[in-house]
Amino acid sequence: MNLQLITLSGVKIDEPVYEVILPTTSGEIAVFPDHEPLVTVAKAGVIQVRRERQHSNEQMELYAISGGVIDINHAGIRVLVDEADHGDEQPDTHADRG
C-alpha cells in the first residue's frame, strides 16, 4: 500500500509501506494492506511506519505530527497535517547563542 504524508510545506512521504500506526482521536490504529476505507481525524502524536514486513519494531520510522486528517482507501493512506518531523531530523534552532 502507498503512504502519502503531506504537510503545508510539501510531501514528506509518497512511498509503498507495509504497516502504518496512526494516532487518531479514537486511539491508535494500525493499517495494513487491504484495510477498510476510513476517514478520521489525526491527533498530535507519532506516526510509526514499517516499510517492509520483515522489519523489526526498532526499524520503524517515526514522524511527529501536529494533527490533521487521515484518508484510508484501497489505493493507500493519505495523511494531511500542518507539520510533520522525521525522528532523525534535528529541530530547527535559530536562537542566537553569542
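The following questions and answers concern strand pairing, salt bridges and surface features in a predicted model.

User: How many residues of strand 3 are buried?

Analyst: Strand 3 covers residues 19-24. Glu19, Ile21 and Pro23 point one way from the strand, while Val20, Leu22 and Thr24 point the other way, and all are buried. The number of buried residues in strand 3 is therefore six of six, given that buried means under 20% relative accessible area.

User: Which residue in strand 4 is the bridge partner of Leu22?

Analyst: Strand 3 and strand 4 (residues 27-31) run antiparallel and are joined by five bridges. A hairpin through two residues connects these strands. Within strand 4, Leu22 has as its bridge partner Ile29.

User: Which residue in strand 6 stands opposite Val20?

Analyst: Strand 3 is also joined to strand 6 (residues 45-50), by three bridges, and these strands run antiparallel. Opposite Val20, in strand 6, stands Val49.

User: How far apart in sequence are the parts tied together by the salt bridge of Glu19 and Arg50?

Analyst: The side chains of Glu19 and Arg50 meet in a salt bridge, at 2.7 Å from N to O. Because Glu19 lies in strand 3 and Arg50 in strand 6, the pair ties together parts of the chain. Both Glu19 and Arg50 are buried. The separation in sequence is 31 residues.

User: Which residues are joined into one network by salt bridges that share partners?

Analyst: Arg51 forms a salt bridge with Glu15, with the closest N and O atoms 2.3 Å apart. This pair links distant parts of the chain, with Arg51 in the loop between strand 6 and strand 7 and Glu15 in strand 2. Arg51 also forms a salt bridge with Glu61, where the closest N and O atoms are 2.5 Å apart. The network formed through shared partners consists of Glu15, Arg51 and Glu61.

User: What is the relative accessible area of Val69, a residue of the nonpolar surface patch?

Analyst: Val39, Val69 and Leu80 make a nonpolar surface patch of about 250 Å². Val69 is located in strand 8 (residues 68-73). Patch residues need over 30% relative accessible area, and Val69 is partly exposed, with a value of 40%.

User: What is the phi of Asp34?

Analyst: Asp34 is in the loop between strand 4 and strand 5, and this residue is exposed, with a relative accessible area of 74%. Most residues other than glycine have a negative phi. Asp34, a residue other than glycine, has a positive phi, near 70°.

How values were computed. Residues are numbered from 1 along each chain as its sequence is written. This is a predicted model: local features need pLDDT of at least 70, side-chain atom pairs count only at pLDDT 80 or more; totals for chains, interfaces and linings use all residues. Side-chain values use heavy atoms; hydrogens and water are left out. Buried means under 20% relative accessible area, exposed over 50%, partly exposed in between (1.4 Å probe, protein chains only). Helices (H or I, at least four residues) and strands (E, at least two) are DSSP runs, numbered from the N terminus. Two strands pair if DSSP finds at least two bridges between them. Patches are made of residues with over 30% relative accessible area and no salt bridge: like charges are joined within 9 Å, nonpolar side chains (Val, Leu, Ile, Met, Phe, Trp, Tyr) within 5 Å. Accessible areas come from the Shrake-Rupley method with a 1.4 Å probe; for residues, only the protein chains shown count as cover. A salt bridge is a side-chain nitrogen of Lys or Arg within 4 Å of a carboxyl oxygen of Asp or Glu.
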